[in-house]
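Here are some exercises to work through with the model open in your viewer. Try each task before you read its solution.

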Amino acid sequence: MATNDVQDIDLHFHSMLSRFFTIRTRQPAAGTVTLAQMRVLWTLEREGAAALGEIARMLCVTRSTATELADRLVRGRYARRAGEPGDRRRVSLSLTPRGRSLLAEFARRRRERWKRILRRLSAPEIRRLAASL
């Protein structure tokens with residue numbers, strides 16, 4: 001299986017789960033962290049620092065949309081911008097400790113919710129579910 005396939009499945013899976021499990025996180029500067037912003041954070045977690053154009057491409061959004069998402073994440077101190085050495089036009093976005101903390105808390109809550117759901121299933125049902133994923 002290609003890495004891009006895994007990334008696509010991961011993003012779709014997170015998107016699907018968000019419809020069922022909304023975890024709202026307040027950020028003083030920008031209101032609520034949206035699913036679109038979480039997708040940027042997940043991308044940065046997976047890929048490391050990335051140029052805004054690369055983020056736009058990976059998420060299949062316009063560069064202006066990626067810039068707006070980045071602006072909100074930077075205002076909320078979940079990500080930071082940095083210029084690329086040798087090319088002032090190129091700007092990279094990377095996670096801050098606060099962004100990493102948000103991702104860790106989101107994952108913890110998501111695992112807790114899965115535990116509550118999986119308690120209702122038998123061991124064979126859980127194995128079938130895991131095999132289907």
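## Exercise 1: Q7 and its surroundings

Q7 counts as buried, at 15% relative accessibility. Here buried means under 20% relative accessible area, exposed over 50%, and partly exposed in between (1.4 Å probe, protein chains only). Before going on, note that this is a predicted model, in which local features need pLDDT of at least 70 and side-chain atom pairs count only at pLDDT 80 or more, while totals for chains, interfaces and linings use all residues. Residues are numbered from 1 along each chain as its sequence is written, and side-chain values use heavy atoms, with hydrogens and water left out.

**Task.** Find which residues Q7 touches, not counting residues up to four places away in sequence.

**Solution.**
- Step 1: locate Q7, which sits in helix α1 (residues 3–20). Helices (H or I, at least four residues) and strands (E, at least two) are DSSP runs, numbered from the N terminus.
- Step 2: list the contacts, where contact means heavy atoms within 4.5 Å. With residues up to four places away left out, Q7 touches R46 and E47.
- Step 3: check the backbone separation. Q7 and R46 are 39 residues apart along the chain, and 8.9 Å separates their C-alpha atoms.
- Step 4: look at how the two partners relate. The side chains of R46 and E47 form a salt bridge (3.3 Å, N to O), a term for a side-chain nitrogen of Lys or Arg within 4 Å of a carboxyl oxygen of Asp or Glu.
- Step 5: compare accessibility. R46 is partly exposed at 31%, and E47 is partly exposed at 36%.

## Exercise 2: A salt-bridge network

**Task.** Work out which residues are joined into one network by salt bridges that share partners.

**Solution.**
- Step 1: start from the total, which is six salt bridges in the structure.
- Step 2: take E105 and R108, whose closest N and O atoms are 2.6 Å apart in a salt bridge. Both residues lie in helix α5 (residues 97–118), three residues apart, about one turn of the helix.
- Step 3: take E105 with R109, a salt bridge with the closest N and O atoms 2.8 Å apart. R109 and E105 are four residues apart in α5, again about one turn of the helix.
- Step 4: combine the pairs. Shared partners join E105, R108 and R109 into one network.
- Step 5: add the accessibility of each member. E105 is partly exposed at 28%, R108 is partly exposed at 39%, and R109 is partly exposed at 36%.

## Exercise 3: Two helix pairs

**Task.** Describe how α3 packs with α4, and how α2 packs with α5.

**Solution.**
- Step 1: choose the quantities. Two packed helices are described by the angle between their axes and the distance between the axes. Axes are lines fitted to C-alpha atoms, for helices over the stretch in contact, and angles run from 0 to 180 degrees between N-to-C directions.
- Step 2: helix α3 (residues 52–59) meets helix α4 (residues 63–75) at about 110°, with the axes 8 Å apart. That angle makes α3 roughly perpendicular to α4; the classes are roughly parallel under 35 degrees, roughly antiparallel over 145, roughly perpendicular from 65 to 115, and oblique for the rest.
- Step 3: on the α3 side the contact uses L52, G53, I55 and A56, and on the α4 side R63, A66, T67 and A70. These residues divide into five nonpolar, two polar and one charged. Ala, Val, Leu, Ile, Met, Phe, Trp, Tyr, Cys and Pro count as nonpolar, Asp, Glu, Lys and Arg as charged, and the others, Gly among them, as polar.
- Step 4: helix α2 (residues 35–47) and α5 pack at about 105°, with their axes 11 Å apart. α2 is therefore roughly perpendicular to α5.
- Step 5: in this contact, M38, L41, W42 and E45 of α2 meet L102, L103, F106 and R110 of α5. The classes here are six nonpolar, no polar and two charged.

## Exercise 4: S92 and the whole chain

**Task.** Is S92 buried or exposed, and how many helices and strands does the protein have?

**Solution.**
- Step 1: S92 is found in strand β5 (residues 87–95) and counts as buried, at 9% relative accessibility.
- Step 2: beyond its neighbours within four places in sequence, S92 is in contact with A50, A51, R80, R81, A82 and E84.
- Step 3: the protein has six helices and five strands, in the order α-β-β-α-β-α-α-β-β-α-α from the N terminus on.
- Step 4: of the 133 residues in the protein, 31% are buried.
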